[in-house]
Structures are given as structure tokens and as C-alpha cells.
Amino acid sequence: MQRVSVAKKQSALRQPSFAADHLFDSHPETSLDFECVRAALKDGYTKPFLIVDTQIVREKMRRMLAAMPRVRPHYAVKANPNPRVLQALIEEGARFEIASPGELDLLISLGVSPMQVLYSNPVRSRDQIAYAASKGVEWFVIDCLDELKKLYSIKPDAKSYLRIDTPNIGSDWPLAGKFGAHTADIREIIAAASALKADLAGVGFHVGSQCRNPENWRVGLEKARVIFDQMTKAGLRPRLLNIGGGYPVRHVKPIPSIEVIADVVNRALEAFPPEVEIVAEPGRYLVSDAGYFVCRVMGTAKRGGKRWLHLDAGLFGGIIETTEGLKYRICTDRSGPDVKWNVAGPTCDSIDVIMRDESLPSDLQEGDFIYICNAGAYTTAYASNFNGFPLPGERVI
Ligand SMILES: *Cc1c(COP(=O)(O)O)cnc(C)c1O
């Protein structure tokens, strides 16, 4: 089910039931109560906005900690860098992973110790490394020889971990194919680290975002176990294991719950002695369910027999993951029979089409609201001012 009409099925919206899921996994998932969206709209509407409930963010953090007691979550700031979201996570004991000096500055402004931050973008400029080092960042990822040499020429006492290539099968947003060292690279990097006396001190991987296949973690962990031994043999002291991000959230397709993924992860972790520090980098998992993205129909059109819905937020306004195949649950206040719509954003760019042939009510009209469920991750974080349209608002409760 892709769409729930709010008018027709409000109770279904608050307590989504996905019959097919019970075949796959029976752990219930959460969503922001739709009444919160209604309440937010009572304050008026001037532009698209994301409403986020920090209580849900807190609950997701607690759920992850309970499912994987050995694993310390380092939230991926890029998923939603709202300071109040970050503050809630700090209060729940989260640490963080960053990709840029900008993200580091944001964390420092909230009192986070850079010593506990992972710089997990595998390639950085010299200036960026020097800046992070000057602020006290100690841990950096590397996935290639060039970056190993660059990092240690700037910060000889850095602690680093090696990001390895792992399968991204079954991830809605695969990342393999860009980052991650392959077998031959790994041998070379370990030998170079050993020769340079670089503290290459662990292994990390990322199974791909919105990963619906728990086996990817098992494969990653088994590979990491082998590389830990290779490192020890080369005289290195591996002691950090980073199992990355990718934990999925409910949209349209069934997902394995964090508890099901934890069964796989916890078992594979038994191969690592207790002194190994184990971290994860959840992004989407901690923030998606906590938010609804609200936007509005600016106008409708018919072109060549095709119905078009023009929204006041599109690809440049934060609704971008649809363009890579992610399917959101979309709710409206209309209850007409479903027909196929092409859905576009407000800009003049021809790529600003966020969905084609999406089933939505036939009676949608100019001025109607569109509610996108579980949209707390990778929406506002991506938005730009392109073509002069305002950034989406953020209402944090
Ligand atoms: C984006 C990213 C994450 C978070 O991924 P999710 O799929 O949102 O959990 C974690 N680690 C790294 C290195 C990333 O680039």
C-alpha cells in the first residue's frame, strides 16, 4: 500500500498495519502521530515543512541500544543535522560520524567532544584533515593508499580504520562501487601502514542505505574478522570495528526490524574479543520515522493525456530520494479513486520530477496538502534554494 487517504483511513494511518510484513518480521515500527501534523497546520502554512518529533528519535536510539548492546551508535549527521535532533541524540548517549568541517563545527557548537567523533568520509582535503586534527578529532577512515599517506603526513598520530568493500545486495540506496577497499588494495594498505608505523586500528564497512538484507552485515563482519587477523600479523593493533549505517525504515516495502538485523550482527560479533570497540553509524534509522514532510499542490495539469501534479516542493526542495527509487507512503485528505499522476516540483528544471505514474486520488486539486510519511531523513538536509524557492521549514517537537 503506497497511499493512505487520511479522510478515509485515519486510524489506519496512526497504526499502520502492513499485512505482508508479518510474514517477514513481526516487530512493530513507529511513525509520527498524524494528529501532530494536523496541530502544526493549525499555525498556518506558508511553505513546505518537515515536522519532527524528538521523542521518536529518542525511542529509536533506545531501541537500537537494546537490540545491539555491544554496539555504540555514532549518528550520521548528514541524515538530518537539525540541532534539536542532534541535542536529543546527545542526551540519549549517541556519538557522531561526520564528513566535513561544517558538520564538525555544528557538533562542537553543541558541546560534543571531537575526540569521540569519527571522520568517516574516506577522502578529505589536506586543509580539512588539518582543521579536524586541530579541533581534536582522532579517528579517521581511509579506504586507499593515497589517503593513508595523506592523512599520516598531516597527522602522524591519527588513529584510522580501513573501510572495506562489502556487498550492497538488497539495499535501496547502494553505496558499493564508490567507497571501500578491495582484497588486493587491503593487502597493500596494511603493508604500507605497517611500514609507515601508522596506527591503522580497525575495520569498517557500509552495507548500503535502506538495506533490507541482514546477510550483508554477516558478510561484512566475516570479512572484517579476516582483516583483523591480517592486521595483527602485520604488527598493527586492530581494536575498532565499525559496522556502518544502512538500518532500514518502513516505507512501502517490508523491512527487517533492527531486532532481526541484531540477531545476525550480535552472533557475528562473538568472533571479536570483548576489548574490541564496536560502533555503528545509523543515519536514516534514527530520524526517518520521526517526521512527516508536508507540502502542497500548486497546480494540476493535463499534458498529452497525462495528469501532472505540481507541488511546492520537489527534487531541489528536499524530496529527492524518490528519484533513486525510494517509495514513500504518501497521504492526502482526498478519498477519490486512485489514478496515475506524474508529480513535479516547483522549479523549471526538467529533472524536477519526483515521481512518475504514482497512484494518488483522482480528485486532488490546487491547494491540497500532501503528507509524506517517515520523511525525517535525507529531506531537509538535501534541500536547496534553486530557482528562488525557499528552503523547507523545520518544526521540531
Ligand atoms: C551516509 C552514511 C551513513 C548513514 O547511512 P544510513 O543509511 O542513513 O544509515 C553512515 N556512514 C557513512 C560513512 C555514511 O556515509
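Leu241 sits across from Ile278, a residue of strand S12. That's a handy place to start looking around this predicted model. Strand S11, residues 240-242, runs parallel to S12 and is joined to it by 3 bridges.

S12 (residues 277-280) has another partner: 3 bridges also link it to strand S3 (residues 71-76), again in parallel. If you want to spot that pairing on screen, look for Pro73, whose bridge partner in S12 is Ala280. While you're there, keep a general point in mind: side chains in a regular strand take turns pointing to one face of the sheet and then the other.

Now zoom out to the domains. The domain assignment splits the protein into domain 1, made of 2-51 + 288-396, and domain 2, which covers 55-287. Their centres, taken over C-alpha atoms, are 31 Å apart.

So how do the two domains meet? On one side, 32 residues of domain 1 make contact, and they touch 27 residues of domain 2. People often describe the size of an interface by the accessible area that is lost when the parts come together. Here, domain 1 and domain 2 bury about 2800 Å² between them, with 56% of that on carbon and sulfur atoms.

There's some polar pairing across the boundary too. You'll find 13 residue pairs in polar contact between domain 1 and domain 2. On the domain 1 side of the boundary, helix H2 (21-24) and strand S19 (393-396) each provide at least two of the touching residues. The touching residues of domain 1 are a mix: 14 nonpolar, 9 polar and 9 charged.

What about salt bridges? The whole structure has 19 of them, and 3 run between domain 1 and domain 2. Here are two examples from the model:

| Salt bridge | N to O distance |
|---|---|
| Glu29 and Arg63 | 3.5 Å |
| Arg38 and Asp333 | 3.2 Å |

The pair Arg38 and Asp333 is worth a second look. Arg38 belongs to helix H3 (residues 34-42), while Asp333 is in the loop between strand S15 (330-332) and strand S16 (338-344), so this salt bridge ties together parts that lie 295 residues apart in sequence.

Methods:
Residues numbered from 1 in each chain as written. Predicted model: local features only at pLDDT ≥ 70, side-chain atom pairs only at ≥ 80, totals over all residues. Heavy atoms only, no water. Domains from an automatic or database assignment. Contact = heavy atoms within 4.5 Å. Buried area = accessible area lost by both parts, 1.4 Å probe. Salt bridge = Lys/Arg side-chain N within 4 Å of Asp/Glu carboxyl O. Polar contact = N/O pair within 3.5 Å; in protein donor to acceptor, adjacent residues only side chain to side chain. Helix = DSSP H or I, 4+ residues; strand = E, 2+ residues; numbered from the N terminus. Nonpolar A, V, L, I, M, F, W, Y, C, P; charged D, E, K, R; others polar. Pairing = 2+ DSSP bridges.
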